[in-house]
Amino acid sequence: MSTATGNCKCSYTVGLVGLSAFGFLLSLYTSYVELRAEQDRSYQALCDISERISCTKVFTSSYGRGFGIAGKVFGEASALNVPNGFYGIFYYFLVAACSFSDHLRIARLNSYLILLSNGLSLYLAYLLYFVLEDLCIVCVTTYAVNLISLILALQKIQVLVREEQVMRAINVAKKIK
């Protein structure tokens with residue numbers, strides 16, 4: 001492994017972990033706002049700028065729990081029908097943990113998780129814009145975190161694949177000698 005490859009992998013790891021930490025904090029904030037708004041209907045979060053730019057409106061909508069799906073499928077009282085932020089807390093922790101690995105299989109698993117979150121982001125963005133007709137700054141920031149994470153995860157995989165190919169070529173060359 002060359003120093004350049006090691007530095008590159010490290011940069012992608014640091015980027016993914018940093019983005020995961022930021023996503024984790026956004027998810028904590030999302031959960032806090034939703035739970036606080038459920039207790040106090042007059043609560044206004046910092047991200048509530050106007051009637052059309054309101055994260056509280058989005059978080060407390062039917063789509064703010066279980067992505068608007070768990071309650072319909074498993075019932076409103078289901079343990080899976082929790083605020084979306086709770087899923088985010090778990091997800092970003094998992095992505096950060098997987099990001100520390102330089103094993104190709106784990107990096108691929110991480111990229112699949114991140115790809116899934118981007119698909120979910122598209123679904124939620126559709127709901128945000130077309131169904132709820134709102135702009136949620138926290139939500140859009142989360143979508144950006146997910147997209148940038150996907151780019152970094154795919155770049156890390158490219159580096160790991162190249163490194164694996166080089167190691168195979170070195171092993172083949174050693175066998176030939």
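A disulfide is a pair of cysteine sulfur atoms within 2.5 Å. The exercises below apply this definition to a predicted model.

**Exercise 1.** Determine how many disulfides the structure holds, and which cysteines form them.

*Solution.*
Step 1. The sulfur atoms of C47 and C55 lie 1.5 Å apart. Because the cut-off is 2.5 Å, C47 and C55 are joined by a disulfide.
Step 2. The S to S distance of C136 and C139 is 2.4 Å. This value is also within 2.5 Å, so C136 and C139 form a disulfide.
Step 3. The structure therefore holds two disulfides.
Step 4. When the bonded cysteines of the chain are numbered in sequence order, the pairing reads 1-2, 3-4.

**Exercise 2.** State the handedness of each link.

*Solution.*
Step 1. For C47 and C55, the angle about the S-S bond is 45 degrees, and the link is right-handed.
Step 2. For C136 and C139, the torsion is about 75 degrees, so this disulfide is right-handed.

**Exercise 3.** Decide whether the bonded cysteines are buried or exposed.

*Solution.*
Step 1. Buried means under 20% relative accessible area.
Step 2. C47 has 7% and C55 has 0%, so both count as buried.
Step 3. C136 has 0% and C139 has 11%, so these two are buried as well.

**Exercise 4.** Explain why C98 does not form a disulfide with C10.

*Solution.*
Step 1. The cysteine sulfur closest to that of C98 belongs to C10, at 17 Å.
Step 2. This distance is too far for a bond, so C98 and C10 are not linked.
Step 3. As to accessibility, C98 is buried at 12%, whereas C10 is partly exposed at 44%.

How values were computed
Residues are numbered from 1 along each chain as its sequence is written. This is a predicted model: local features need pLDDT of at least 70, side-chain atom pairs count only at pLDDT 80 or more; totals for chains, interfaces and linings use all residues. Side-chain values use heavy atoms; hydrogens and water are left out. Buried means under 20% relative accessible area, exposed over 50%, partly exposed in between (1.4 Å probe, protein chains only).
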